[in-house]
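Thanks for coming, everyone. I'll put the structure up, then walk through its spaces, its metal site and two side chains.

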Amino acid sequence: MDVIYNPDHVLQNGKVELINGKLEPPVECPQRADSVLEAVRNAGIGQVSEPEKFGLDPIVSVHDPDYVDFLATIWDRWTEKGRSWDALPLNWVGRGMRHIKPETVDGQLSYYSFDAGTPITAGTWKAVKGSADTALTGAKRVANGARSAFSLCRPPGHHASRDYYGGYCFLNNAAIAGQYLRDNGFGRVVILDVDYHHGNGTQSIFYDRDDVLFVSIHADPLQEFPFFIGHADETGEGKGKGYNLNLPLRRGADWSVYSKALEAAYAKIRDFGAEAVVVSLGVDTYEADPISHFKLKTDDYARIGAGIAALDLPTHIIMEGGYALDAIGRNVVAFLNGFEGR
Ligand code: Q9C
Ligand code: ZN
């Protein structure tokens with residue numbers, strides 16, 4: 001299958017991430033995508049190409065234009081204040097406070113974010129825009145008839161919602177790709193999110209819609225980030241009622257538990273009558289992932305890939321999380337080979 005890779009991802013290179021109360025080197029680092037690329041190349045998965053440039057139209061079809069403008073300009077506004085270090089927010093709306101957009105740089109960082117673990121740097125916007133273009137290029141190939149494509153997106157996207165960033169995500173690559181497929185010939189699209197964390201952004205973007213089904217298998221929000229969304233009783237609203245399926249699993253989930261959730265996901269996708277699948281592929285479900293607590297093994301990713309291929313639908317695979325640097329590439333390749341039946 002075709003692989004889309006954006007060399008400009010390296011421009012998202014934060015100096016620090018707030019982890020467990022300490023400022024540490026970010027786990028969401030450039031080496032992640034480079035190690036996946038190397039493994040994909042060595043495995044001969046397919047032609048690797050750079051993304052085409054799309055304008056902002058397909059991005060603002062799922063994101064607030066003012067938010068996109070904020071992302072594109074915030075670094076310049078931050079540095080105009082004489083700050084040369086990573087831009088991070090400090091506080092958020094608490095219960096009873098009002099979500100009115102502040103005028104200042106610091107106020108707007110707070111307004112448009114939901115965590116302090118997602119640094120903005122000099123190259124963030126360029127990397128983020130390139131990541132969205134990587135998703136759009138893969139979506140275009142699938143819309144043009146490809147059986148599958150792999151968009152090696154970095155930074156990831158599934159935590160970003162219509163108008164906020166967090167969880168290392170700024171633009172929601174899977175949502176942008178899913179919307180692109182809707183706008184280019186596919187009536188019903190499913191986004192299947194197998195990242196360890198709940199894809200809160202994707203869920204929120206499509207929560208009131210019946211044309212894009214969101215299905216997510218993830219760590220129970222009672223135990224894991226993003227903590228305040230991702231429960232099983234979130235099933236959609238308005239005409240989107242019944243078009244959101246959350247399958248939260250407790251810490252320690254291994255294949256015996258995970259595979260049952262996958263079967264439930266496949267059944268839902270078949271019932272829905274999906275015409276195309278977007279996979280939010282996180283390999284942070286791996287047993288040795290440094291920030292996660294599931295117990296999947298490398299061979300399990302081949303099983304997930306094969307299971308998704310058995311849906312027999314045009315499939316666009318999009319990279320999300322996965323932080324065990326020495327294993328991400330191997331696990332992604334296992335998934336892709338499993339999908340291809342090799
Ligand atoms: N102690 C994705 O996988 N913070 N995002 C973790 C670890 C947030 C993960 C802190 C994790 C976000 C795309
Ligand atoms: Zn994740």
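One convention before the pockets: Ala, Val, Leu, Ile, Met, Phe, Trp, Tyr, Cys and Pro count as nonpolar, Asp, Glu, Lys and Arg as charged, and the others, Gly among them, as polar. This is a predicted model: local features need pLDDT of at least 70, side-chain atom pairs count only at pLDDT 80 or more, and totals for chains, interfaces and linings use all residues. Residues are numbered from 1 along each chain as its sequence is written, chains are lettered from A and ligands numbered from 1 in the order in which they are written, and side-chain values use heavy atoms, with hydrogens and water left out.

Pockets, then. The search runs on a 1 Å grid over the protein atoms alone; a pocket is an open set of points with protein on both sides within 12 Å along at least five of seven lines, a cavity is a set where a 1.4 Å probe fits but cannot get out, and lining residues have an atom within 4 Å of a point. Points are joined across faces, edges and corners, and a volume is the space filled by probe spheres set on them.

The largest pocket holds about 570 Å³. Its lining has 28 residues, with E17, L18, Y168, F225 and I291 nearest the centre. By class, that lining splits into twelve nonpolar, nine polar and seven charged.

The second largest pocket holds about 480 Å³. It has 23 lining residues, and W92, V93, S110, S113 and F114 are the closest to its centre. The classes here are 13 nonpolar, seven polar and three charged. Which helix gives the largest share of this lining? It is α4, with three residues. Helices here are DSSP runs (H or I, at least four residues), strands too (E, at least two), numbered from the N terminus.

Now the cavities. The whole structure has two of 30 Å³ or more. The largest is about 60 Å³. Its lining is Q12, G14, E17, P26, E28, G117, P119 and Y168. The second largest is about 40 Å³. Both α3 (65–79) and α5 (124–143) give two or more residues to its lining. That lining is six nonpolar, one polar and no charged.

On to the metal. Where are the protein donors of the zinc ion, ligand 2? They sit on D195 (OD, listed twice), H197 (ND1) and D284 (OD), 1.9 to 2.8 Å from the ion. Donors are N, O and S atoms within 2.8 Å of the metal (3.2 Å for Na, K and Ca); water is not among the atoms, so sites may look incomplete. The sequence spacing is D-x1-H-x86-D. D195 and H197 are both buried, where buried means under 20% relative accessible area, exposed over 50%, and partly exposed in between (1.4 Å probe, protein chains only).

Two side chains to finish. R32 is in helix α1 (residues 30–42). R32 counts as buried because its relative accessible area is 3%. Its side chain makes a 2.7 Å polar contact with that of E28. A polar contact is a pair of N or O atoms within 3.5 Å; within protein, one must be able to donate a hydrogen and the other to accept it, and residues adjacent in sequence count only if both atoms are side-chain atoms.

Y286 lies in the loop between β9 (276–281) and α9 (298–309). Y286 is also buried, at 9% relative accessibility. Beyond four places in sequence, its contacts (heavy atoms within 4.5 Å) include F294, Y301 and R330.
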